[in-house]
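This report concerns the surroundings of a bound ligand and the enclosed space within the protein.

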Amino acid sequence: MEFLLRPILAIESSCDETSAAVVCGRKVLTNVVASQAEMHRKWGGVVPEAAARMHVEAILPVIEEALAGTDPCEIAGIGVTNRPGLVGSLSIGITAAKGLAKSWNVPMLGVHHLEGHLMSAFADPLPLPEPPMLALIVSGGHTEIVLLQDSGEYQIIGETLDDAAGEAFDKGARLLGLGYPGGYAIQEAAKNGDSKRYPLPRSLPKDPFNFSFSGLKTAMLRLVEREGSAIHKEDAAASLQAAIVDVLAQKAMRAAEQTQVKSMALVGGVAANELLRTRLQSECQRAGLRLNIPPIDLCTDNAGMIGIAASHRFAMGEADDIFMDAVATAPLPGLR
Ligand code: KG4
Ligand code: ZN
């Protein structure tokens, strides 16, 4: 796997984080993230129009901060998330990338957000994984088991049929009144909870690789309705976290066995979850698999991961023209 060994600027604005990074090869030199979580908290989720407006305000200061210490003359290219995501949000990052690419006279490249998450598993100083590699990509919008083949093609081995794992965390937290975003809140509440107190369903037991979290969401709703104010929030948080982590770990390990890979990756915002990290680490150790898990600041949305993906694609001679645009939904592209 090759990477461009010159600094590039990366920009990410697909949802509610405005982020810019300077990346050289697979080394993330700076990675600045301005989160809008505080603003969206009062609505309990992301409001697209408000998100776009916040990106407009944050994008230039965030880029400037990421570039501090780097002479713009050294920047060899710009990578920017252009798909999938909220079109209004994506457009802000893309417009900034186009303007800077034009004025610095450097190439620009649109990056698929999920490829960014996947490539976070290649971040220095993690050992360089050798394909074939199986990645569990778990975020607020996606839950997928993806095989990165020797050929560089991606193969989707399993995916969610409804909600994403991150949504299950977020909705559970909202039902329990623990706030937004919910993953971290559930994790912290669960530390003082009994995960066996409230039995919750493990979804799709007969489907080896696909996920479904809508039944779990309904079960949580029923639990909250049934228990009312008597509910033990810490126990409910621990029970929910265990139900999500169980299915993610079980299906990822089953997929590893089926595809006979030697290396695995755990990436995406939900990969920040401490229980999921230790559970998959110990299962991989037992199965003799190497597991790459990026540090937490490269798990939740950030431009550093976008820079690593762009650095690889630039090394392969790829670039986009000025007509590159935002796309709301798009499949993972193949890699070379
Ligand atoms: O990758 P990401 O930052 O954004 C998307 O691309 O969706 O993922 C955000 C998701 C949210 O659902 C958030 O609750 C979840 O990642 N998350 C966590 C943790 N930190 C963030 N879920 C479980 N445990 C965490 N510690
Ligand atoms: Zn993401």
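Which backbone is an oxygen atom of ligand 1 3.3 Å from? A polar backbone atom of Gly 141 lies at that distance. The model is predicted, so that local features need pLDDT of at least 70 and side-chain atom pairs pLDDT 80 or more, whereas totals for chains, interfaces and linings use all residues. Residues are numbered from 1 along each chain as its sequence is written, chains are lettered from A and ligands numbered from 1 in the order in which they are written, and side-chain values use heavy atoms, without hydrogens and water.

The polar contacts of ligand 1 (pairs of N or O atoms within 3.5 Å) include the following.

| Ligand 1 atom | Protein partner | Distance |
|---|---|---|
| oxygen | Gly 141, polar backbone atom | 3.3 Å |
| nitrogen | Gln 187, side-chain N or O atom | 2.9 Å |
| nitrogen | Asn 273, polar side-chain atom | 3.0 Å |

Taken alone, ligand 1 exposes 550 Å², of which the protein buries 88% (Shrake-Rupley method, 1.4 Å probe). Around the ligand stand 18 residues (a heavy atom within 4 Å), with Gly 140, Asp 170, Gly 183, Gln 187 and Asp 301 coming nearest. Four of the shell residues are nonpolar, twelve polar and two charged, with Gly counted as polar. Helices H4 (113-119), H5 (165-175) and H6 (182-190) each supply at least two of them; H6 gives the largest share, four residues.

Helix H5 also contributes the largest share of the lining of the largest cavity, again four residues. That lining includes Ala 168, Phe 213 and Leu 240, and divides into six nonpolar, one polar and two charged residues.

How values were computed
Polar contact = N/O pair within 3.5 Å; in protein donor to acceptor, adjacent residues only side chain to side chain. Helix = DSSP H or I, 4+ residues; strand = E, 2+ residues; numbered from the N terminus. 1 Å grid on protein atoms, 1.4 Å probe; cavity = no way out; pocket = protein on both sides within 12 Å on 5 of 7 lines; lining within 4 Å.
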